[in-house]
Amino acid sequence: MNSWDPLNEAIIRCGKCPRLREFCERTARERRSAFADWAYWGRPVPNFGDPQAQLLIVGLAPAAHGGNRTGRMFTGDRSGDWLYRALLESGFASQPLSRCQEDGLRLTHCAVTAVLHCAPPANKPTPSEIGNCRAWLRATFDTVPARVYLALGRIAWQAVMGELRDRGWIAGSPPSFHHGRTVALAGGRWLVASYHPSQQNTFTGRLTESMWRDVFAAVSRLLEETGVTPDEAARRSGAGSSRFP
Ligand code: SF4
C-alpha cells in the first residue's frame, strides 16, 4: 500500500454527484461502437502517478470514453497522447503511450489529478459538482508534496486557486487564468497555467506543440529553481520509475 491507496479507494467509492454517476454508468453500459469490446471502468477515476510527486498536474475531468472507459487519468484519448508525450520528454513518464491500466506507463515525481473524478456530460460540470469534488482535490493536495502545480484550463485554474487561497499560499486578489502564466506561491512553490490539451484546443491550434513544449520547459525550469529535477528527486528518494503503480 502507498499513500495514494486510501485516498484513491475513497474516490472510487464516491457517489456525491448523482447526475455524473448516472452519466458515467450509462456511458459504460451503452459504450461507443469503437470500444464495444471494452469493459468500461464507469466509476470515479482515481489519481495517477507518484504520491510523492514534485509536479502535480490538475486537469478538468475524465473523458466519457477516455478515463471513464480505462479507469486512469488521461488514458485512452488524444489529450493523454499530448500529456504523456510531454511528460516523457521532460523525464517524468516511462513512455508516451497511455492506452489502458496495463500498458506499463509509470510516472516518476509527477502525479495527475482532476477537478472532477467523474466525466460530466458535454464536459460541462455544474458549480455544485465542482464543489462536491473539491474535497478530493484538497485531500490530493494534502497527500502530494508538490513544488509545482500545473493547471490545465480555466476551470482547473479556478479550483486550484481556491485551494491555494484556503491554504494561504497565495496573497491578494487571485490572478486570472492566462496560458503560460506562472505564479509564485508561499513556501517556494509555483503555479503554472496552460490551456487544456483537449482536441478542441489542439485541433484548432489554440494550443500548439510549441506552446505545449514551452509549458513543460517552464515547469522543468521552476523545478530546477526549487532544486528538484526528476532525476534529482528520484536520487534523493531512492525511487525508480518502477516504484509506483
Ligand atoms: S465528481 Fe467527484 S464528488 Fe462527484 S461523484 Fe465523482 S468523485 Fe464524487
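## Close-up views of a predicted model

**View 1. The ligand sits in the largest cavity.** Welcome to this predicted model; the tour begins with the ligand and its shell. Around the ligand you will find Cys14, Lys16, Cys17, Leu20, Arg21, Pro44, Leu116, His117, Cys118, Asn132, Cys133 and Trp136. Sorted by class, that shell holds 8 nonpolar, 2 polar and 2 charged residues. Two helices, α2 (18-30) and α5 (127-143), each supply at least two residues of the shell. The largest share comes from α5, which gives 3 residues.

**View 2. Thr140 is a buried residue of helix α5.** Staying with α5, this view turns to Thr140, a member of that helix. Its relative accessibility is 0%, and because buried means under 20% relative accessible area, Thr140 counts as buried. Which residues does Thr140 touch, not counting those up to four places away in sequence? They are Trp4, Leu7, Asn47, Leu56 and Thr113.

**View 3. Leu87 belongs to the largest nonpolar core.** This core has 72 residues, and Leu55, Leu87 and Leu191 touch the most other members. Take a moment to look around Leu87: leaving out residues up to four places away in sequence, Leu87 touches Leu55, Ile57, Phe92, Ala93, Leu107, Cys110 and Phe216. Leu55 thus appears both among the contacts of Leu87 and among the three core residues that touch the most other members. As general background, nonpolar side chains tend to be buried together in soluble globular proteins.

**View 4. Phe74 and His109 have positive phi values without being glycines.** Here are two loop residues worth a friendly second look. Phe74 has a phi of about 55° and is found in the loop between α3 (67-70) and α4 (78-89). With a relative accessible area of 10%, Phe74 is buried. His109, whose phi is near 60°, is found in the loop between α4 and β3 (110-114). Is His109 buried or exposed? His109 is buried, as its relative accessible area is 2%. Helix α4 therefore borders both loops, the one with Phe74 and the one with His109, and both residues are buried.

**View 5. Phe177 is a buried loop residue.** The loop in this view runs between α6 (154-167) and β5 (182-184), and Phe177 lies in it. Phe177 has 10% relative accessibility and so counts as buried. Setting aside neighbours within four places in sequence, Phe177 is in contact with Ala151, Gly153, Arg154, Trp157, Ala193, Ser194 and Tyr195. For a sense of scale, pair Phe177 with Val144: they are 33 residues apart in sequence and 23 Å apart in space, C-alpha to C-alpha.

**View 6. Arg154 is a partly exposed residue of helix α6.** One of the contacts of Phe177 is Arg154, so this legend follows on from the last view. Arg154 is found in helix α6 and, at 45% relative accessibility, counts as partly exposed. What separates the C-alpha atoms of Arg154 and His196 in space? The separation is 8.4 Å, for two residues that are 42 residues apart along the chain.

**View 7. Gln52 lies in the loop between β1 (48-49) and β2 (55-59).** Our last stop is Gln52, which is partly exposed, with a relative accessible area of 32%. Choose Glu102 as its partner for a distance check: Gln52 and Glu102 are 50 residues apart in sequence, and 22 Å separates them in space, C-alpha to C-alpha.

Conventions: Residues numbered from 1 in each chain as written. Predicted model: local features only at pLDDT ≥ 70, side-chain atom pairs only at ≥ 80, totals over all residues. Heavy atoms only, no water. Core = buried A, V, L, I, M, F, W, Y, C linked by side-chain atoms within 4.5 Å. Buried < 20%, exposed > 50% of the residue type's maximum accessible area, 1.4 Å probe, protein only. Contact = heavy atoms within 4.5 Å. Near = heavy atom within 4 Å. 1 Å grid on protein atoms, 1.4 Å probe; cavity = no way out; pocket = protein on both sides within 12 Å on 5 of 7 lines; lining within 4 Å. Sits in = over half its atoms within 2 Å of the grid points. Helix = DSSP H or I, 4+ residues; strand = E, 2+ residues; numbered from the N terminus. Nonpolar A, V, L, I, M, F, W, Y, C, P; charged D, E, K, R; others polar.
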